[in-house]
Amino acid sequence: MIDTNWRQRAIEIELDVRNFINGQPVDCVGHAINKHSARDGQLLYQFGEGDQETVDKAVSSARNAFNDGRWSGLPNHQRKAVF
């Protein structure tokens, strides 16, 4: 059995938080939002709140993926695998 120090592993994790639009990671822009640990208040990561252009691109991409069936036509188990 492997003895894993989960707290230490959690401390060492570096999260790369970006938007995902049209199948591509997109850097966050705008005012920084800080996310803190509920356990100890430690800063976990920061990300940009986004801007109107980013939101518009995301909505347009999602609508296109739904309308052309790339997303809406996938069986549930394949959608689950994406997430």
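A residue counts as buried under 20% relative accessible area, as exposed over 50%, and as partly exposed in between. Keep those cut-offs at hand for this tour of a predicted model.

**Stop 1: Trp71 and Phe83**

Start by selecting Trp71. Its relative accessible area is 27%, so Trp71 falls in the partly exposed class. Now add Phe83 to the selection. Phe83 is exposed, with a relative accessible area of 79%.

Which aromatic pairs can you look for? The structure holds two of them. One is made by Tyr45 and Phe47, and that pair is tilted, with 6.1 Å from centre to centre and 35° between the planes. The other is the one you have just selected: the ring centres of Trp71 and Phe83 are 5.6 Å apart and their planes stand at 85°, so this pair is edge-to-face. Where do the two partners sit? Trp71 is in the loop between helix 2 (52-67) and helix 3 (76-82), while Phe83 is in the segment after helix 3, so the pair ties together parts that are 12 residues apart in sequence.

**Stop 2: Tyr45 and Phe47**

Move over to the tilted pair and show both side chains. Tyr45 has a relative accessible area of 23% and is partly exposed. Phe47 is partly exposed as well, with a value of 22%. Why is this pair called tilted? Its 35° angle lies between the limits, because planes under 30 degrees apart count as stacked and those over 60 as edge-to-face.

**Stop 3: Leu44 and a nonpolar patch**

Next, select Leu44, which you will find in strand 4 (residues 43-48). Leu44 is partly exposed, at 44% relative accessible area. Add Ile13 and Leu15 and switch on the surface: with Leu44 they form a nonpolar patch, and together the three have about 290 Å² of accessible area.

**Stop 4: Ser61**

Go to helix 2 and pick out Ser61. Is Ser61 buried or exposed? Its relative accessible area is 13%, so Ser61 is buried. To see what surrounds it, show Ile21, Asn22 and Arg70: Ser61 is in contact with these residues, leaving aside its neighbours within four places in sequence.

**Stop 5: Leu74**

Finish in the loop between helix 2 and helix 3, where Leu74 is located. Leu74 counts as partly exposed, at 26% relative accessibility. Display Gly69 and Arg79 too, since Leu74 touches both of them when residues up to four places away in sequence are not counted.

Notes. Residues are numbered from 1 along each chain as its sequence is written. This is a predicted model: local features need pLDDT of at least 70, side-chain atom pairs count only at pLDDT 80 or more; totals for chains, interfaces and linings use all residues. Side-chain values use heavy atoms; hydrogens and water are left out. Rings of Phe, Tyr and Trp (its six-membered ring) pair if their centres lie within 6.5 Å; planes under 30 degrees apart count as stacked, over 60 as edge-to-face and the rest as tilted. Buried means under 20% relative accessible area, exposed over 50%, partly exposed in between (1.4 Å probe, protein chains only). Helices (H or I, at least four residues) and strands (E, at least two) are DSSP runs, numbered from the N terminus. Patches are made of residues with over 30% relative accessible area and no salt bridge: like charges are joined within 9 Å, nonpolar side chains (Val, Leu, Ile, Met, Phe, Trp, Tyr) within 5 Å. Accessible areas come from the Shrake-Rupley method with a 1.4 Å probe; for residues, only the protein chains shown count as cover. A salt bridge is a side-chain nitrogen of Lys or Arg within 4 Å of a carboxyl oxygen of Asp or Glu. Contact means heavy atoms within 4.5 Å.
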